[in-house]
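Visitor: I'm new to this structure, and I'd like a close look at one part of it. Could you walk me slowly through the place where the chains meet, and then show me what sits around it?

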Amino acid sequence: MSLMPKFTLLLVALALGACRGGTSTSPPVHLVLDMDFQPKLKSQSESSFENWTDRRSMRLPAEGTVARGSLPDPILMPDPKSAGRNPDGSWISRNPLSLNAETLERGRERFDIYCSICHGLSGRGGNGPEGHGLVGRRWPVAVPNFHAAEGKDNRVANLTDGEYFEVLSSPVGRNTMPSYAARISVADRWAIVHYIRALQNLGKQ
Amino acid sequence: MTVLFPKWTNKIPVFAALGAACKGLVVIFVVWFWFSPKHIDVGYQPEQPILYSHKLHAGLLGMDCRYCHREVESGPHATVPDADTCMGCHKQVKNDSDRLTLLRDNYGDGSGDNIPIPWIKVHLLPDYAYFSHAVHMNANVGCTSCHGRVDQMEIVRQVEPLSMGWCLECHRAPEAHVRPAGVKPTDMAWTPTEASIAAARERLTRGELNPPTHCSACHR
């Protein structure tokens, strides 16, 4: 008998037996390349140009560059050099972002993404078994509480709107808190301040 | 008279024809089955320079994807976080872990070689396809639709073929992947319900949702 049918059977068995799309650590091999992989530089890719010693294909802008449309908003940032303060140096006492359902919802969403990790969804912070955030519950990191505790002097619960904004805008963060200046936009920071106030009002009830 | 060709040799042409036909079928099958992105691209799980676990961060700790992938709502790329984002927590949490040696070296005090952590990109689209994360996030398409249950992956791997046919399948009938307002796109456990499919269908008929299927939507 010809070997051909046996060979065919073997191939079919191999094809059905082996697993398709199994995991592999080597990059996918495209048999027909078309122009799938082009030598151009893409976002966050590595460059082999030897003069760029940091190997980034995304070059840093010249120092002091201000991107189009990112000049400090005079209402949200009256003093562009000192976040959260009025030009006369006093703290902004009233959140300049208008309060409506949309901004409050935006504030809730941003708070849940960035703040709740340590301060908890309720803003009660803390650590140990009583901790409200996922970091505080597991690791002994001091996390402030936004709510005024009875019989205790809680500085963080009594800050002005401008001071909350300043902490969110600080390029170095505050105490154990990292900086969120690059991660949360100016308008979103004020939206978060609105949401902190909403949480505090809920906590009083 | 000696028989030069025994009787069975009469069947050779038949066998040859059958064999050729089978071979043709096998070739077609192999190309269709094995050369497909469902085999070639699915399952790519490169070894990353730092043994980072999405299962721990996104799964067990339940962090929102956007905490680290912060450009996902505003730009085409979800962006891999910089060392500063990692160190925001890891200055205090597990700051002596051996797994974070490369991160600490990279972050340092600015005296290092300033080379970003060489994370390896997992989801490789062809370079002539222009995908935007922001558009999909704003339509409330969940992360899991393309990336699978990343919160259950120790090391991230590609689970969907990300081929053009696969993209078009969803662009032609996206109901099961569009989430209703109020459901986070980053909610990993969400699955479509009859109500969510009906709501998405209504948005499609009203024209609020209009996934393009023309060439220049992705190729420009």
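Guide: Let's start with polar contacts. Across the interface of chain B and chain A there are 15 residue pairs in polar contact, with both residues of each pair at pLDDT 80 or more. That confidence value is there since this is a predicted model. On the side of chain B that touches chain A, the elements giving two or more residues are helix H1 (12-34), helix H2 (37-40) and H4 of chain B. H1(B) gives the most to that side, with nine residues. Sorted by class, the side of chain B that touches chain A has 25 nonpolar, 11 polar and 11 charged residues.

Now the whole meeting place. Here 47 residues of chain B are in contact with 49 residues of chain A. The area buried between the two chains is about 4400 Å², and carbon and sulfur atoms give 61% of it. Want some residues to look for in chain B? Try B:Leu61, B:Tyr67 and B:Asp127, which lose the most area to chain A, together 16% of what that side buries.

Next, the charged pairs. The rule finds three salt bridges across the interface of chain B and chain A, while the structure holds 23 over all chains. One to find on screen is B:Glu73 with A:Arg110, where the closest N and O atoms are 2.9 Å apart. B:Glu73 also meets B:Arg66 in a salt bridge, side chain to side chain, with N to O at 2.9 Å. B:Arg66 has a relative accessibility of 2%, so it counts as buried. Zoom out a little and you'll find these residues in a network of salt bridges that links A:Arg106, A:Glu109, A:Arg110, A:Asp188, B:Asp64, B:Arg66, B:Glu73 and B:Lys184.

Stay in chain B and move to B:Arg70. Its side chain meets that of B:Glu71 in a salt bridge, 3.6 Å from N to O. B:Glu71 has 29% relative accessibility, so it counts as partly exposed. B:Arg70, at 24%, counts as partly exposed too. B:Arg70 has another salt bridge, to B:Asp82, at 3.7 Å from N to O. That pair links distant parts of the chain: B:Arg70 and B:Asp82 are 12 residues apart, and each is in the loop between helix H3 (54-60) and helix H4 (83-90) of chain B. B:Asp82 has a relative accessibility of 36%, so it counts as partly exposed.

Remember B:Lys184 from the network? It turns up again around B:Asn140, a residue in the loop between helix H6 (133-138) and helix H7 (144-147) of chain B. Leaving aside neighbours within four places in sequence, B:Asn140 is in contact with B:His177, B:Val178, B:Arg179, B:Pro180, B:Ala181, B:Val183, B:Lys184 and B:Pro185. With B:Pro180 there is a further detail: the side chain of B:Asn140 reaches the backbone oxygen of B:Pro180 at 3.2 Å. The relative accessible area of B:Asn140 is 12%, so this residue is buried.

For a wider view of chain B, it is divided into domain 1 (12-40) and domain 2 (71-80 + 121-217). The C-alpha centres of these two domains lie 35 Å apart.

Over in chain A, have a look at helix H4 (residues 161-169). This helix is mostly covered, with eight of its nine residues buried. The buried ones are A:Asp161, A:Gly162, A:Glu163, A:Tyr164, A:Phe165, A:Val167, A:Leu168 and A:Ser169. Helix H5 (186-204) of chain A is included in what covers them.

Last, a couple of backbone oddities. Most residues other than glycine have a negative phi. A:Arg55 goes against that, with a positive phi near 65 degrees. You'll find A:Arg55 in the loop between helix H1 (4-17) and helix H2 (101-119) of chain A. The relative accessible area of A:Arg55 is 40%, so the residue is partly exposed. In chain B, look for B:Lys94, which has a positive phi of about 50 degrees although it is not a glycine. B:Lys94 is found in the loop between H4 and helix H5 (101-107) of chain B.

Technical notes:
Residues numbered from 1 in each chain as written. Chains lettered and ligands numbered in written order. Predicted model: local features only at pLDDT ≥ 70, side-chain atom pairs only at ≥ 80, totals over all residues. Heavy atoms only, no water. Salt bridge = Lys/Arg side-chain N within 4 Å of Asp/Glu carboxyl O. Buried < 20%, exposed > 50% of the residue type's maximum accessible area, 1.4 Å probe, protein only. Helix = DSSP H or I, 4+ residues; strand = E, 2+ residues; numbered from the N terminus. Domains from an automatic or database assignment. Contact = heavy atoms within 4.5 Å. Buried area = accessible area lost by both parts, 1.4 Å probe. Polar contact = N/O pair within 3.5 Å; in protein donor to acceptor, adjacent residues only side chain to side chain. Nonpolar A, V, L, I, M, F, W, Y, C, P; charged D, E, K, R; others polar.
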